[in-house]
Amino acid sequence: MRIDPHTHSTASDGTSTPAQLVAESIGAGLDVVGITDHDTTDGWDQAAAAAARMGIGLLRGVELSATTRGIPVHILGFLPDPGHEPLQAEFAAIRESRVTRAQRTAELVARDFPITWPDVLAQVGPDATVGRPHIADALVVAGVFPDRNTAFAEVLYQDGPYYVDYYSPDAADAVQLILAAGGVPVFAHPGAHNRGRIVPDETYWELAAAGLAGIEVYHRDHDDEQYPRLSRIARHLDLFVTGASDYHGAGKPNRLGENLTAPSVLAAIAERGAIEVLLP
Ligand code: AMP
Ligand code: ZN
Ligand code: FE
Ligand code: FE
């Protein structure tokens, strides 16, 4: 079984629609794909219809933006009840703050590069969660940089001169919110040095105490030091280990299925989640 539980669609900052994401997952030989857009469940229904039609398993999830010790982090929430009001209210608050933040970022970037806020908005899907990748796309369209990664490395990196904060909950609260919604919380790419500062060991203890269920150990943004470190922490805290591509479609090098999650771990997620894994 090939299971890639963490990907993005045009409901946030991916470039494939949910239906295209599902079709591409079949092309990549996956048996189960997870759709985990940033701070939204909007892509779920289209992905579910496509998965049923095309015959592939679908793991419905989200990637919740959070903050700990001033560091932005991402908490995956698998199989939460999408009707959980506090979860949707938090998503709405984060998404609203992301728009203000993106507009401010675009103003800063526009001082030095030939893009405007409408250029950024042209890159954002209808009702999609706005993120820095959309600003990167505007820079690529303007011919300033060849791809998203270069735009991040040169301009949009965390804590750089164009970086603007946005509202997001404390990471332990984010874990508890996902649990309250019946979801299964997993710490996404916690050792991604290349994106900026990473959290100290204490944070894993704090999040485990809050109810964290797993750690995403296998991710392209982890260097070789992170695998043994994160595996050891997971073992110590009795957390399960996941791996995923964090596919964002065209414009990022991540390929579907480049990292996978074990079937036994998917079974543990399915057992705990408020809703079903959709199987073909
Ligand atoms: P945001 O949520 O708006 O802060 O943007 C975060 C998204 O930008 C992540 O989901 C990644 O896909 C992407 N990203 C973050 N850091 C980098 C980086 N250094 N290089 C390329 N993409 C990045
Ligand atoms: Zn993203
Ligand atoms: Fe992430
Ligand atoms: Fe992601």
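The questions below deal with the two metal sites and ligand 1 in a predicted model.

Residues are numbered from 1 along each chain as its sequence is written, and chains are lettered from A and ligands numbered from 1 in the order in which they are written. In this predicted model local features need pLDDT of at least 70, side-chain atom pairs count only at pLDDT 80 or more, and totals for chains, interfaces and linings use all residues, while side-chain values use heavy atoms, with hydrogens and water left out.

Q: Which protein residues are the donors of the iron ion (ligand 3)?
A: Donors are N, O and S atoms within 2.8 Å of the metal (3.2 Å for Na, K and Ca); water is not among the atoms, so sites may look incomplete. Along the chain the iron donors follow the spacing E-x10-H-x114-H. At 2.0 to 2.1 Å from the iron ion lie Glu 63 (OE), His 74 (ND1) and His 189 (NE2).

Q: How many residues apart in sequence are the parts that His 74 and His 189 tie together?
A: Helices (H or I, at least four residues) and strands (E, at least two) are DSSP runs, numbered from the N terminus. His 74 lies in strand β4 (residues 71–78) and His 189 in the loop between β5 (184–187) and α8 (201–210), so the parts tied together are separated in sequence by 115 residues.

Q: Is Asp 13, a donor of the zinc ion (ligand 2), buried or exposed?
A: The zinc ion is coordinated at 2.1 to 2.6 Å by Asp 13 (OD), listed twice, His 38 (NE2) and His 248 (NE2). Buried means under 20% relative accessible area, exposed over 50%, partly exposed in between (1.4 Å probe, protein chains only). Asp 13 has a relative accessible area of 6%, so Asp 13 is buried.

Q: What distance separates the zinc ion (ligand 2) from the iron ion (ligand 3)?
A: The zinc donors follow the spacing D-x24-H-x209-H, and the iron donors E-x10-H-x114-H. The two ions are separated by 5.5 Å.

Q: What share of the area that ligand 1 exposes when taken alone does the protein bury?
A: A polar side-chain atom of Arg 101 lies 2.7 Å from an oxygen atom of ligand 1, and one of His 248 lies 3.1 Å from a ligand 1 oxygen. Accessible areas come from the Shrake-Rupley method with a 1.4 Å probe; for residues, only the protein chains shown count as cover. Ligand 1 alone exposes 500 Å², and the share buried by the protein is 92%.

Methods. A polar contact is a pair of N or O atoms within 3.5 Å; within protein, one must be able to donate a hydrogen and the other to accept it, and residues adjacent in sequence count only if both atoms are side-chain atoms.
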